[in-house]
Amino acid sequence: MANAIPSRSDNYSDWYNELVKRADLAENSAVRGCMVIKPYGYSIWEKMQRALDDMFKETGHLNAYFPLFIPKSYLSKEASHVEGFAKECAVVTHYRLKNAPDGSGVIVDPDAKLEEELIVRPTSETVIWSTYKNWIQSYRDLPLLINQWANVVRWEMRTRLFLRTTEFLWQEGHTAHATSDEAMAETRQMLEIYARFAEEWMAVPVIKGYKTANERFAGAEETLCIEAMMQDGKALQAGTSHFLGQNFAKAFDVKFQSKGGGLEYVWGTSWGASTRLMGALVMAHSDDSGLVLPPKLAPIQVVIVPIFRSEEQLDQITEKVKEITVGLRKKGISIKFDNSDANKPGWKFAEYELRGVPVRLAMGARDLENGTVEIARRDTKEKKTISLEGIVEYIEQLLEEIQQNIYNRALAFRVANTHKVDDYAEFKKILDEKGGFILAHWDGTSETEDRIKDETKATIRCIPYNAPEEDGKCILTGNPSKQRVLFARAY
RNA sequence: CGGGAUGUAGCGUAGUCCGGUCAUCGCGCCUGGUUUGGGACCAGGAGGUCGCAAGUUCGAAUCUUGCCAUCCCGACCA
């Protein structure tokens, strides 16, 4: 193999970085910490957007767009919110440049200083709630169910393609409700949507749960999340849904008149998922040959590679291929027929494996004679020659099977790498030797959580939903505990 | 922002100690031909302010100083 990527076992992190670049998903840009998402990577993101957006619309949400800039004063209206984000905000202080007197280029015009500095949004709660104040007067205005697709900026110290970039793309939902119960139900509903998206579209199994107070969103009363396991055993948070209580309503004075005529603060939620999902998708399924994409999100689901010695042969193959592609397209399956003469078949095979195309067909003289085609699946790398008879149905079913198979594989991996541990020494040992998820008892205090984090780098990823009640002792302090929580090292 | 390292063609690199036909090699790219069932081969060709700036010197990719950028390890995070 001339251009092999690093292997996962050699260096997982190198493997990931190389794969993202080589599969043409994204690359680093001239701007520190900001990436360029390339067309192939962006196509996957568009499919993710489409699926999520459909689910949001089905549950009654509408899209809107709020400004990129936020007046600095807004950020400080909600105390814990500003504390959470202040350290990573980009700030706009001027609005004009001018030529440098010494001719060395342009400089910031000191006369163009803004009265009030603007923050580049790290998240939009504050602008949105300041707007909601004007939109909500009566219980009849509720619930208000809004989503926006946007870019946000968080000035991170260390960045990695998709997993943590200074600027990233995401969606953020912001809803307002008349009652606490209704807002909480919305919070749960949106987490369910994220979980369903992760499992049914990305083929990534997730664990749903509550964040501890330490890990909660800045300004939220409760944060729900889904956590996925990557192939190196580390956890990745794939979506969060926050119950904001009346915090932002109070900070921005958003009240409504109830049926009974009283004035009440509204209850809020916010929920988001970002281009980080792209990183999760790569790390959950791919192998040392390249990406493995779930068929539902693959920009190209089937690639057809002709093998020919002459123009006439190519023409004959093209003719045959047409019959297949017409049938596949009718089923909504995306196909690429790569008839370019620039590269040999072997090169193409390797290239489409790198790009994670779920199904590959190869057709040559041999197949023309026999009425067959060679079919290869990306997830297992199995190859076989099959008859053209019923090929469309065969492929349709195979795509479903691949989708299911990579989910099952990821689930089996997670199960195999999740351990119940009752002893702190063993806890540390498993983290260092095996990694993965650990279910252990915790006494419920932030102090204990912090100490475990300092000593092991593992954090409580979540307090899982529906965890069975079980009396136990905190792994660190020995204090009583009612249920196990999920520990892991995380991205 | 602390600790470590690195900047040579689109990418990856040799040369840096010891200054002087040294700008090396591979991939990629262009042209022509032969090829095509797992990353083809031959021939020819294009492409470089050696990160930037100043200094030392007859002479700097190489030595000195300053700056800039990137990567790794920490603190911070979706």
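User: In this predicted model, is the crossing in which helix 13 passes helix 14 left-handed or right-handed?
Analyst: Helix 13 spans residues 424-433 and helix 14 spans residues 446-456. In the predicted model, the crossing in which helix 13 passes helix 14 is right-handed.

User: Is helix 13 roughly parallel, roughly perpendicular or oblique to helix 14?
Analyst: The axes of the two helices come within 11 Å and cross at roughly 45°. Angles under 35 degrees count as roughly parallel, and 65 to 115 as roughly perpendicular. The crossing angle falls in neither class, and therefore helix 13 is, relative to helix 14, oblique.

User: How many residues of the contact of helix 13 with helix 14 are nonpolar?
Analyst: Helix 13 contributes Y424, F427, K428 and L431 to the contact, while helix 14 contributes R451, I452, E455 and T456. Of these residues, three are charged and one is polar. The number of nonpolar residues is four.

User: Which strands are the edge strands of the open sheet with the order 4-8-5?
Analyst: This open sheet has three strands with antiparallel pairing. An edge strand pairs on one side only. That applies to strand 4 (69-71) and strand 5 (91-94).

User: Which residue in strand 8 stands opposite F69?
Analyst: Strand 4 covers residues 69-71. Three bridges join strand 4 to strand 8 (residues 113-120), and the two run antiparallel. Opposite F69 in strand 8 stands V120.

User: What does the twist average from one strand to the next in the sheet 4-8-5?
Analyst: The strands of this open sheet are paired antiparallel. From one strand to the next, the twist averages 40°.

Note on methods:
Residues numbered from 1 in each chain as written. Chains lettered and ligands numbered in written order. Predicted model: local features only at pLDDT ≥ 70, side-chain atom pairs only at ≥ 80, totals over all residues. Heavy atoms only, no water. Axes fitted to C-alpha atoms, helices over the stretch in contact; angles between N-to-C directions. Helix = DSSP H or I, 4+ residues; strand = E, 2+ residues; numbered from the N terminus. Parallel < 35°, antiparallel > 145°, perpendicular 65-115°, else oblique. Left-handed = near helix turned anticlockwise from the far one by under 90°. Contact = heavy atoms within 4.5 Å. Nonpolar A, V, L, I, M, F, W, Y, C, P; charged D, E, K, R; others polar. Pairing = 2+ DSSP bridges.
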